Amino acid sequence: MSPAASAVTAAVSNAVTNPALWWMELGRRLGERKSKGLAALYLGALLAAPKLLEKPPPHLLAAAQSWFGGDDPFALFMYVWTDLAMNKLAVVTGIALGAGVLVEERADRSLVLSLSKPITPAGLYALRTGSAVAVAAGLYLITQLAGLGLFAAQIDGFRPGAFWLSGMVHVWAPIFATTLSALCAVAIGRQLGAALVSVLVLFSLVGGAFLGVYNPAWAGALAFNPFTQAVAGVTHLGDQSFATLAPPVVGLLVLNLVLVAVGARLARRVEP
Amino acid sequence: MTPIPWTYVRAELRREPLAFMGLSAGLFGAVSILATCWAVPRLPESVLTLLSLSLAVEGLPALVLVNTLLAVWFVAYFVGAVVVIRAIAAPRAENGLDLLLVKPVPPEVFVWSRILPAFGLCAAVGLGLSLTQVIGMWGLFDDQLSAAGALGAGLTTVAVAIAQLGALTALTARSTELAGALGLAIAVFMAVLTPTSVFIYRPDLFPVDGLGRALFVAPTSLILHSELIAWAWPIVMLVGVGVGALGLAWAARRVVVG
């Protein structure tokens, strides 16, 4: 191989590990209108959640206590915050950020330009999905951090430690939604068809996140649901520990790595 | 009035793989609905009591129907929404809309012929899923909730979905980004559902009965008034299609920019 060719090969294989490229990609992501729109939605959730729980009906308080144990208003708050607000936002985030990976660039005809640079389709997929995951996780964690300050004053019996730990597990819900949407995009190849499949699958999974809590007899059969694993911080609100929370996180980490790897493999089929 | 260019309208109708989309989304919805019909009666008594108290409906058939209605509405709306977005927002995002709009076709005909397939697909999938839920619930019906009431409630949600698709068409007529249009599609769906979610946690914010209650607490009030809905659904359908048509008329005024 000639020196010129090997230099090109080195650039191709190193492009994705170049921090400057990631920095630029992240800047581009943050400048997108959908990132700003998502930030507004997360802000809305922060402001609306305490209002929603100002006068909770007694039957809900009793149910939350029987499911999750712990202090009355706090258990219900954790359930509402995680299932009503953050689970739904996780799906919306995943579809907004993930469903356009590569197919969006193809639609506005910038993909052919990107692929003329020394980067492989798999590398570009990893870059775009990676930045989407970074923004999804960043938005989630910033919201959770803001909630830590905001809710302490507004929610009776608020436990900052339990709230934060639960968020550290549940942050994998928006990450999963993003990597799955991105995988659908390159597997199906048509942005809207892929988005429809992602919407149907993700909302069905999210709807069943707590089904194993409602009927413990089904908990084993439903454990495959990534959203069920991601809400472990709430289902184990009474006994949050390394033993109850580490396995879901490890499982979700592996699942997401597999989804990104499969997506990167399929990215080669996307024609610019 | 200019005559309608039927050749063009027929060509637009053949553009989308409507049968494939309808069948695959319908199959997905049917499986979800039958699974719901199987699962809800098997939930523990305490959870059913909680559901009943939260949603202010009584009886097992009503609790099953609340959940299946959501599936009918969700699938019928989103399968239509994809066709709506592919009709105008997608070509605009791909810089191809100008080319479509230079044809000697009035904007109204352009919008109608591209969006009516979405309404039709939504209605067909919705009808199929409404029938599926009646089949899935067979044997559960009692003197409080009849099969005709369940069918009528299903078709009423389809009418709401068609009205929402009209609104979505108008709202996305000038979208330049696909992701933005998709976000609007989710927002339009959620907007109608949000009052019901709020109702579960803050029933004190809603009127105890009357028209305000019936309109805002959407799926459950359909069940409470299922005897009325059993024969009144065609009227709701006419209103839904009327609102959808208004949305299309508005979209036709917005689609040509400048």
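Q: What makes a residue buried rather than exposed in this description?
A: A residue is buried if 20 or more other C-beta atoms lie within 10 Å of its own, exposed if 12 or fewer, and partly exposed in between, with C-beta atoms placed from the backbone. By that count, buried residues make up 46% of the 258 residues in chain B. The model is predicted: local features need pLDDT of at least 70 and side-chain atom pairs pLDDT 80 or more, while totals for chains, interfaces and linings use all residues. Residues are numbered from 1 along each chain as its sequence is written, and chains are lettered from A in the order in which they are written.

Q: Why is chain B called as compact as a globular protein of its length?
A: The radius of gyration, taken over C-alpha atoms, is compared with the globule rule, 2.2 Å times the number of residues to the power 0.38. Chain B has a radius of gyration of 20 Å, close to the 18 Å that the rule gives for 258 residues, so the description applies.

Q: What makes up the secondary structure of chain B?
A: Helices (H or I, at least four residues) and strands (E, at least two) are DSSP runs, numbered from the N terminus. Chain B has twelve helices and zero strands on this basis.

Q: How many residues of chain A are in contact with chain B, and what makes a contact?
A: Two residues are in contact if their C-beta atoms, placed from the backbone, lie within 7 Å. By this criterion, 30 residues of chain A are in contact with 29 residues of chain B. Helix H11(A) supplies the largest share of chain A's side, eight residues.
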